[in-house]
Structures are given as C-alpha cells and as structure tokens.
Amino acid sequence: MEITPGFLKDMPKIELHVHLESMMPGEMLERFAARQGKQLPRPAKELYHCSADDLSNFLAFLDSICAYVGTTEELSEVAEHAALESQRENILYMEAILNPTHWPQFTVPEIIQAVTAGFDRGQAAGGTDCRFTLSLSRTQTAEEAMELVEQMKAHRTPRLAGLSIDGNEILTGRTGERFRPAFLAAKAAGFGLTVHAGESSGPEGVRDAMDLLGADRLDHGVRAAEEPELVRRLAENQVPLNICLTSNLTLLYRCPEDHPLRRLLDAGAAVTLNRDDPTFLDGLTLTKELRRASSFGAMTGEELLNCQRTAACAAFCGEETKAALLAALADFEARL
Ligand SMILES: [Zn+2]
C-alpha cells in the first residue's frame with residue numbers, strides 16, 4: 001500500500017480531537033468583529049501568527065478571538081464552515097470539542113442549539129457529519145461541572161455527543177476527584193466521555209482519567225509512554241488515544257524522535273490521528289497530519305487506514321453510523 005499524495009487525500013477520514021475554537025479563519029472573525037465595530041489586533045491573514053506572548057497565554061488569546069463571535073447565527077456559521085472545510089479533505093465524520101468557558105456571551109443551551117444548527121446546515125450542503133462534545137476547564141468547580149451536565153441533559157440534540165475536559169494540568173494539579181461526580185452523571189445519561197490527559201499531565205493524569213473519570217477515550221495520552229506498565233494497560237483495554245502529532249511536536253516534544261507514537265503503535269495501543277488546533281498550527285489539515293505520521297512515525301499505509309477504523313469504532317455515534325464509516329473504509333481499501 002503505497003503512500004502517495006492521492007492515497008492520503010482520498011482516504012476516508014475520521015477525526016475525534018479538534019477544537020472548534022481553533023477552526024475559525026481570520027477573515028471570518030474580521031467580518032464578525034466589524035459588525036461589532038471592533039478590529040482584530042492584526043490583519044486577518046496574520047491573526048494566528050502568534051507571538052511567544054500569545055502562546056504563553058494561549059487560553060486568554062482563545063477567549064479574545066471567541067469574543068468576536070457576537071451572535072448565535074455567527075456561531076452557527078463557525079460550525080457550518082468547519083463541516084464544509086472538513087469535507088474538502090474527505091473527513092467523513094468529525095467530533096469537535098467546544099469549551100463553553102471561552103464563550104461567556106452565550107448560554108449553554110444557546111451554544112448547543114447554534115452548533116447543532118450549523119452542523120445540520122453543513123451536512124445538508126454536502127459537508128462532514130459532525131458531532132461535538134462540551135468541555136469543562138480544569139479550573140472549574142465540581143458544582144459548575146455538574147451544572148454543565150444538567151444543561152447537556154436538558155438541551156440534548158443528536159449532535160451533542162459527550163462530555164470532555166481540557167485545560168492546563170500543570171497549573172491545576174490533579175482534579176480527577178473533583179470532576180468524578182459530573183463524569184459519572186454524564187455517563188449515566190448516555191454521553192460519551194473524553195479527557196485531555198497525558199499531555200500537560202504525565203502518566204498520573206492518564207490513570208486518573210481512566211480510574212476516576214471513567215474516560216472512554218483519551219485526548220493525547222502520549223505521556224503514558226513514560227510508564228511501560230500503563231502502556232500495557234492501555235493496549236490491553238484498547239483505550240483509544242486521540243494523538244495530535246503536529247500539536248505535540250510544536251508544544252511538547254523538542255525533537256520528533258522523542259515522540260512516542262511509534263512506540264505506542266508497536267505496543268499495540270489504539271491510536272487515532274487528529275489536528276487539535278488547526279488555525280494555530282499554520283492551517284494544519286488532517287491529510288498533512290497523516291503525512292507527518294507516515295514520515296516521523298514511519299507509519300505504513302495499513303496503519304494509517306487502521307487509525308481511521310479505530311476512530312470509527314471509538315466515535316460517540318450510533319452503530320449504524322459506525323457501520324457506514326467502516327464500510328466506506330473497506331470500500332476504499334478494496335479499490336486500491
Ligand atoms: Zn486538544
């Protein structure tokens with residue numbers, strides 16, 4: 001199975017770890033800002049050419065750009081755009097993460113409704129089938145977490161797939177106990193559970209995600225590789241690791257050889273490949289991410305396809321959708 005540009009472009013793709021806040025083109029935000037009589041801090045084309053200051057304060061920068069989205073209709077447009085853009089590189093199914101703490105201008109029910117409407121419109125226009133998880137920040141309280149789950153239950157739509165958590169664990173320390181009740185409640189309501197761990201936290205964050213939060217999937221999870229026993233456990237239980245190679249090579253590992261992707265694959269871990277923050281990573285596409293995995297991670301064509309199967313099986317969607325995704329992958333393979 002030769003890895004040609006056509007092979008990577010045409011491969012049906014499934015993506016489970018990408019933040020909606022990082023999918024808004026500068027030009028779109030410039031238009032939204034103008035409606036509010038505001039200006040971007042620099043020209044739209046350079047909005048994401050961040051300085052070290054922006055990156056050291058990444059979450060604050062995210063807050064500042066989300067503020068340009070002033071109406072629920074604009075938020076719908078953000079979601080619709082993400083669905084149409086993803087389709088251009090043959091992403092059949094995508095789950096985006098949205099963290100309501102970056103969007104204080106909207107209530108949670110407004111967010112759920114607007115994102116659902118945008119994804120509906122995008123798919124109706126031929127775009128990717130998109131779902132989303134709502135994400136807690138590690139700095140929130142147990143009460144705020146439970147409140148989010150209650151609102152998710154009360155305003156559920158077919159596109160709202162699950163509960164997530166992100167944020168810098170170096171700053172917050174271990175928070176598994178604090179968020180355990182909210183995750184249990186979300187699980188009981190039938191939501192999927194995904195947890196950022198093993199990136200800003202080490203192996204202990206990965207263990208807490210599984211043992212305390214009952215995570216179905218881990219976003220990143222790569223630092224589990226620091227503990228061979230934990231890698232064995234992840235492989236044995238086939239816990240999906242939603243790895244973002246480009247993002248990790250930008251923020252976490254100084255040189256590509258340090259990235260444990262190859263070691264995790266060789267140990268039999270369940271791996272998916274994802275963009276994480278495309279606008280902040282120079283407009284990263286999933287196709288580029290796969291190409292990078294084939295070079296830095298020495299992944300074969302079979303392994304890249306297998307990642308898509310792993311993602312299809314780990315998706316927070318119904319069995320019928322999963323079967324359709326797996327059938328599309330089988331069909332692609334048969335035509336090679
Ligand atoms: Zn992420």
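**Helix α10 and the fold around it**

In this predicted model, the cover over the buried residues of α10 includes three helices, α8 (169–172), α9 (176–188) and α11 (228–236), along with two strands, β5 (192–197) and β6 (217–220). Helix α10 itself takes in residues 203–211, and its buried residues are Gly205, Val206, Asp208, Ala209 and Met210. An acidic residue, then, is on the buried list here: Asp208 sits there together with Val206 and Met210. As for the spacing, an α-helix has 3.6 residues a turn, so residues three or four places apart point the same way.

The two strands that help to cover α10, β5 and β6, are also partners of each other. They run parallel and are joined by 4 bridges. Within this pairing, alanine 197 stands opposite histidine 220 in β6.

Zooming out, β5 and β6 belong to an open sheet of 8 strands, in the order β1-β2-β3-β4-β5-β6-β7-β8 and with parallel pairing. At the edges are β1 (13–19) and β8 (271–273), each of which pairs on one side only. From one strand to the next, the twist averages 25 degrees. Elsewhere on the sheet, helix α6 (residues 108–124) lies across β2 (91–98), β3 (129–137) and β4 (160–166). Relative to β3, α6 runs at about 155 degrees.

Taken as a whole, the protein has 16 helices and 8 strands. Its radius of gyration comes out at 19 Å, close to the 20 Å that the globule rule gives for 336 residues, so the protein is as compact as a globular protein of that length. The C-alpha trace spans about 50 × 45 × 45 Å along the principal axes. Of the 336 residues, 48% count as buried. Contacts across the chain are plentiful too: among those with a separation of 6 or more, 75% come from residues 24 or more positions apart.

The domain assignment splits the protein in two, with domain 1 made up of 5–24 + 79–334 and domain 2 of 26–68. Helix α10, at residues 203–211, thus falls within the 79–334 piece of domain 1. Taken over C-alpha atoms, the centres of the two domains are separated by 24 Å. Where the domains meet, 8 residues of domain 1 are in contact with 9 residues of domain 2. On the domain 1 side of this contact, the residues divide into 3 nonpolar, 4 polar and 1 charged.

Terms used: Residues are numbered from 1 along each chain as its sequence is written. This is a predicted model: local features need pLDDT of at least 70, side-chain atom pairs count only at pLDDT 80 or more; totals for chains, interfaces and linings use all residues. A residue is buried if 20 or more other C-beta atoms lie within 10 Å of its own, exposed if 12 or fewer, and partly exposed in between; C-beta atoms are placed from the backbone. Two residues are in contact if their C-beta atoms, placed from the backbone, lie within 7 Å. The radius of gyration is taken over C-alpha atoms; the globule rule is 2.2 Å times the number of residues to the power 0.38. Two strands pair if DSSP finds at least two bridges between them. Axes are lines fitted to C-alpha atoms, for helices over the stretch in contact, and angles run from 0 to 180 degrees between N-to-C directions. Domain bounds come from an automatic or database domain assignment. Ala, Val, Leu, Ile, Met, Phe, Trp, Tyr, Cys and Pro count as nonpolar, Asp, Glu, Lys and Arg as charged, and the others, Gly among them, as polar.
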